[in-house]
Amino acid sequence: MAIKQELKVKEKRTCLHDKHLSLGAMMVSFGGFDMPLLYQYAGIAPEHTAVREHVGLFDVSHMGEVTVRGKDAERYVNHIFTNDVTDMPVGKILYGMMCYEDGGTVDDLLVYKLGENDFFLVINAANIDKDWAWMQKHSAGFDIELKNESDIYGQIAVQGPESEHIVTTVLGLDCSELKFYEAKTIGDVIVSRTGYTGEDGFEIYASHDYIRECWDKLIAAKVQPCGLGCRDTLRFEVGLPLYGDELSETISPVMAGLTMFVKFDKPEFIGKEALLKQKTEGVSRKLVGIELHDKAIPRHGYTVLNMAGEPIGEVTTGYHTLSTDKSVCMALVDTAYASLGTDVQIQIRKKVFPGTVVKKQFYNKHYKK
């Protein structure tokens, strides 16, 4: 008789894991890591509100980092990246995607130019192994040094209208001159004016020990620690995509409405031909925003119907927003129903609720330009 053994894969822990436990965080599995969902047992709202109105602190050390250096670094990054890094100024950051040949999305990422022939790529935690294998596969023929440094860096995000003051006074990092999507290095520390909340903010990459020191200083200064729960509600309200929901191997940047980050005037990049065909000929599905006429909450995977009750798509992310007090969602629907103002319905358990297609950004961003 064969004995069945259940093997439990041990989740990774960030360099701040013990800090979360000491603060009584509710922990969940995300992207292969044991991460804080929230710290306030009253719910996500206090953390969400802190970021919108004051400042919040996130552990984002689960994110992956890959460095590309060498004579062909620019040419290589342009080959795998939909945006265009040609003649990109040092200190600039670009958002974009890596795509398969058929246009599907490998991952969405940030590309930092830290120096001449020196690029720093920030990728999603759940995709680190996949992305790394894909980058290596497509590095042949380029004179570059490609390194996966995901285990070396810790990362925190300080987000909210008071973030500049906090980063300057508490951490002693003067970054007031940085504009949105700009970065600089201070010794071995990388500081960028970026984030995933729609608010002004900074992301700091450094050694594990330095990140732990920063965390302690910020907590001692009464900065609100924030978990993955409000990270999702904050990014959703301002229409920022999450890989696995609004982007995936079967959801291209064109379908997701992110064509502005795909530079078709570049000579070549992986997926260009397929994406250009999608842009020219159209796609069968598009990502839209939907506002319900009711307080019911649409969730990921719920079916979107036309007014005749026929399935036309499904919800990718949905919430009753904390900042606008509306029940809204992003959904991937048949293109025929993607125009603003189109009336649709959403199946929520055994009931159907009417809604209208609206812009995907449900709350205005407040970046420092």
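Author: Before we start, one rule: two strands pair if DSSP finds at least two bridges between them. Strands themselves are DSSP runs of E with at least two residues, helices are runs of H or I with at least four, and both are numbered from the N terminus. This is a predicted model, where local features need pLDDT of at least 70 and side-chain atom pairs count only at pLDDT 80 or more, while totals for chains, interfaces and linings use all residues. Residues are numbered from 1 along each chain as its sequence is written, and side-chain values use heavy atoms, with hydrogens and water left out.

Reader: Okay, what makes E10 and E11 a pair?

Author: Four bridges join them, and the rule asks for at least two, so they pair. The sense is antiparallel, and one of the matched positions is Thr185, standing opposite Ile190 in E11. E10 and E11 also make a hairpin with two residues in between, and Gly187 in that turn has a positive phi of about 65°.

Reader: And how do you know that E11 pairs with E12?

Author: Same test: three bridges against a minimum of two, so that is a pair. E11 and E12 run antiparallel, with Ser192 opposite Glu203 in E12.

Reader: Which way do the E11 side chains point?

Author: Val189 and Val191 go one way, Ile190 and Ser192 the other, and all are buried. That fits a general habit: in a regular strand the side chains alternate between the two faces of the sheet.

Reader: What order do the strands of the open sheet come in?

Author: It has six strands, ordered E10-E11-E12-E9-E3-E13, with mixed pairing.

Reader: What makes E10 and E13 edge strands?

Author: Each pairs on one side only; E10 covers 183-186 and E13 covers 224-226. Going from one strand to the next, the twist averages 25°. (Axes are lines fitted to C-alpha atoms, for helices over the stretch in contact, and angles run from 0 to 180 degrees between N-to-C directions.)

Reader: Which strands does helix H2 touch?

Author: H2 (residues 45-53) packs on the sheet against E3, E9 and E13, and its direction makes about 115° with that of E13. Touching here means contact, that is, heavy atoms within 4.5 Å. Helix H6 (residues 208-220) lies across E3, E9, E11, E12 and E13, at about 30° to E9.

Reader: Why is strand E4 described as largely enclosed?

Author: Five of the six residues in E4 (64-69) are buried, so the rest of the structure largely encloses the strand. Buried means under 20% relative accessible area, exposed means over 50%, and partly exposed is in between (1.4 Å probe, protein chains only). E4 has strand partners too: it pairs antiparallel with E7 (residues 118-123) over six bridges, and antiparallel with E8 (residues 145-148) over four. Val66 has Leu121 as its bridge partner in E7, while Val68 has Leu146 in E8.

Reader: What makes Asp118 and Arg69 a salt bridge?

Author: A salt bridge needs a side-chain nitrogen of Lys or Arg within 4 Å of a carboxyl oxygen of Asp or Glu. The closest N and O atoms here are 3.3 Å apart, so this pair qualifies. The pair links distant parts of the chain, with Asp118 in E7 and Arg69 in E4, 49 residues apart.

Reader: Why does Asp118 get one label for accessibility and Arg69 another?

Author: Asp118 has 18%, under the 20% mark, so it is buried. Arg69 has 28%, between 20% and 50%, so it is partly exposed.

Reader: How do you know that Glu145 forms a salt bridge with Lys147?

Author: Their closest N and O atoms are 3.7 Å apart, which is within 4 Å, so the pair passes. Glu145 is partly exposed at 40%, and so is Lys147 at 35%. In total the structure holds 18 salt bridges, and Glu164, Arg193, Asp200 and Lys368 are linked in a network of them.

Reader: Last one: why is Ser150 called buried or exposed?

Author: Its relative accessibility is 8%, under 20%, so Ser150 is buried. Ser150 lies in the loop between E8 and E9.

Reader: What makes the approach of the Ser150 side chain to the side chain of Asn148 a polar contact?

Author: The atoms are 2.7 Å apart. A polar contact is a pair of N or O atoms within 3.5 Å; within protein, one must be able to donate a hydrogen and the other to accept it, and residues adjacent in sequence count only if both atoms are side-chain atoms. The Ser150 side chain also reaches the backbone nitrogen of Glu65 at 3.1 Å. Leaving aside neighbours within four places in sequence, Ser150 is in contact with Gly64, Glu65 and Ile128.
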